[in-house]
Amino acid sequence: MTTLGENQTAVRSFPMRRQCPFAPATEYAELREAGPLARVRLPNGQPAWVVTRYAEVQQVLASPHISTDITRPGFPELTSDPDAERYQLFEGEFFNMDSPEHDVYRRMLIPEFSFKRIKALRPGVQAMIDELLDAMLAIGPPADLAEAFALPVASLGICQLLGVPYDDHRFFQSRVRTRKIEASEDMLAPVAELRAYVDAAITRAEREPGDNLIGRLVVQRVATGEITHNAAVGMVLQLLIAAHETTSNMIMLGTLTLLRHPAQLAELRADPALWPNAVDELLRYHSVADGPTFGRIAVGDIAVGDQVIRAGDAVFALCASANHDERAFDRAGEFDIHRGSGNHLAFGYGVHQCIGQNLARAWLETAYETLFRRVSTLRLNAQVEDLSFKYDAAIFGLDEFPVTW
Ligand code: HEM
């Protein structure tokens with residue numbers, strides 16, 4: 001049995017970039033066929049494992065021996081610059097914590113994403129989406145669907161959820177769009193600005209709490225001494241960052257895919273009950289949160305097939321690859337709204353599985369359904385080959401999305 005560091009000359013570099021906007025990197029399929037686990041080399045030369053098959057991705061992400069704690073020595077870093085300033089971990093940033101500390105913070109937010117709460121948010125989501133389309137239709141074609149619709153749906157949706165003024169949405173929209181696959185210092189300043197923004201919003205709520213996520217967090221957790229002001233800042237900042245890019249890019253990519261599959265789009269228009277399945281299939285098909293999102297370090301040995309991930313090894317559990325694994329999804333490369341893709345891993349798996357997934361589904365469903373109902377002649381105003389896909393971004397997507405109707 002070999003260890004992670006051996007045979008490094010023969011291994012592939014990671015992260016791997018997509019070559020086609022409608023599929024994960026082609027190397028994933030090659031590695032998946034060779035086995036569930038492969039060795040790769042990171043830009044700084046560090047060896048790491050990638051997990052490529054559906055069952056094993058679930059196994060590794062659910063393992064108690066896997067950690068997201070970036071402060072552990074050996075945690076995989078995606079930078080080729082050895083002097084790059086590391087992202088410093090702040091209080092309350094529960095994504096980078098392990099159980100049981102992680103679970104304490106996560107549990108405080110669970111009620112904010114309950115079925116009941118999402119249902120209560122839906123009318124506001126619909127109104128916000130209608131207003132954005134009113135404005136886009138009033139100006140008339142052509143439009144950049146990124147600026148006119150996809151980005152504001154995500155940023156206004158976050159304003160609604162958190163309870164911060166709508167006017168602020170452009171501020172954080174511009175700050176969350178800079179994250180690249182390879183970590184760089186350019187990303188630190190926008191995050192610092194966002195942190196200052198969230199800090200001010202929480203300070204305001206401490207004086208005058210509203211009936212919203214931030215207000216409840218302040219009243220129920222900060223005022224009671226359960227968590228500090230700074231921990232609340234960290235928690236809210238993580239929500240904001242995790243929600244924005246993922247949602248806005250899914251709106252654009254999903255719209256593009258539906259335009260490319262007019263027969264399935266016609267079915268959805270005729271029977272809106274099909275939308276929930278279609279949304280999950282779009283999430284699976286595009287898997288916008290790809291490789292770099294899933295960096296981990298092993299804190300105990302994990303046997304995968306006939307190999308062992310040893311304590312201290314760096315690992316990437318590739319959910320995009322799992323979502324295109326033929327062992328789990330028949331004709332995985334095809335987009336099919338009838339396949340029943342609810343078991344996809346586009347929201348991750350295990351203790352860190354996306355806390356906002358039901359809200360994301362509500363945003364996406366309302367956005368696609370309303371867009372295709374109200375702009376019935378919507379079409380792409382460019383060739384697919386000329387679109388500006390973000391092959392270097394941490395979350396896959398589009399910079400601009402020219403449409404007309
Ligand atoms: C289409 C939209 C979205 C996608 C594809 C997505 C995807 C993901 C994925 C893959 C993870 C797990 C990452 C990992 O395990 O390494 C995750 C975690 C997370 N997501 Fe989402 N997400 C979306 C929307 C949202 C929204 C709307 C929110 C909140 C409003 C949100 C908040 C979070 C948080 C806080 C975590 C970390 C959870 C934890 O560590 O316990 N996400 N998301």
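Start at Pro15, in the loop between strand E1 (12-13) and helix H1 (26-34). Helices here are DSSP runs of H or I with at least four residues, strands are runs of E with at least two, and both are numbered from the N terminus. Select Phe14 as well: the peptide bond from Phe14 to Pro15 is cis, with omega near 5°.

Before moving on, note that this is a predicted model, in which local features need pLDDT of at least 70, side-chain atom pairs count only at pLDDT 80 or more, and totals for chains, interfaces and linings use all residues. Residues are numbered from 1 along each chain as its sequence is written, and side-chain values use heavy atoms, with hydrogens and water left out.

**Stop 2: another cis bond**

Go to Ser99 and Pro100. The peptide bond between them is cis, with omega near 5°. Pro100 sits in the loop between strand E4 (66-67) and H3. For context, most peptide bonds are trans.

**Stop 3: the ligand and its iron**

Select the ligand and find its iron atom. Which protein atom is the donor to the iron? It is SG of Cys354, a single donor, 2.3 Å away. Donors are N, O and S atoms within 2.8 Å of the metal (3.2 Å for Na, K and Ca); water is not among the atoms, so sites may look incomplete. Trace the backbone at Cys354: this residue belongs to the loop between helix H12 (319-322) and helix H13 (357-374).

Now show the shell around the ligand. A residue counts as near the ligand if one of its heavy atoms lies within 4 Å of it. There are 27 such residues, and His102, Arg106, Arg296, His352 and Cys354 come nearest.

Display the polar contacts next. These are pairs of N or O atoms within 3.5 Å; within protein, one must be able to donate a hydrogen and the other to accept it, and residues adjacent in sequence count only if both atoms are side-chain atoms. Three to pick out:

- His102: a polar side-chain atom is 2.6 Å from a ligand oxygen atom.
- Arg106: an N or O atom of the side chain is 2.7 Å from a ligand oxygen atom.
- His352: a polar side-chain atom is 2.6 Å from a ligand oxygen atom.

Colour the shell by element. Helix H3 (101-109), helix H9 (229-260) and H13 each supply at least two residues. H9 gives the most, with 6 residues.

Then colour by class. The shell has 18 nonpolar, 7 polar and 2 charged residues. Ala, Val, Leu, Ile, Met, Phe, Trp, Tyr, Cys and Pro count as nonpolar, Asp, Glu, Lys and Arg as charged, and the others, Gly among them, as polar.

**Stop 4: helix H5**

Select residues 145-162. These 18 residues form helix H5, with its end C-alpha atoms 24 Å apart. That agrees with the 26 Å expected at 1.5 Å a residue, where the expected span is 1.5 Å times one less than the number of residues.

Where does H5 bend? Look at Pro152, where the bend is about 40°. The bend is the angle between axes fitted to the seven residues ending at a residue and the seven starting there.

Check both ends. Asp144 caps the N-terminal end of H5, with a side-chain oxygen 3.0 Å from the backbone nitrogen of Ala146. Gly163 follows H5, and its phi is positive, near 90°.

Switch on the surface. H5 is mostly covered, with 16 of its 18 residues buried. Buried means under 20% relative accessible area, exposed over 50%, and partly exposed in between (1.4 Å probe, protein chains only).

**Stop 5: positive phi outside glycine**

Most residues other than glycine have a negative phi. Ser287 has a positive one, near 40°. Find Ser287 in the loop between helix H11 (275-286) and strand E6 (295-298). At 2% relative accessibility, Ser287 is buried.

Jump to Arg331, in the loop between H12 and H13. Its phi is also positive, about 45°. Arg331 is partly exposed, at 36% relative accessibility.

**Stop 6: three more residues**

Stay in the loop between H12 and H13 and select Phe329. Phe329 is buried, with a relative accessible area of 3%. Add Ser341: 12 residues from Phe329 in sequence, 8.0 Å away C-alpha to C-alpha.

Move to Arg284 in helix H11. Arg284 is buried, at 0% relative accessibility. Arg284 and Phe335 are 51 residues apart in sequence and 9.1 Å apart in space, C-alpha to C-alpha.

End at Gln46, in the loop between strand E2 (37-41) and strand E3 (47-51). At 18% relative accessibility, Gln46 counts as buried. Follow its side chain to the backbone oxygen of Gly74, at 2.8 Å.
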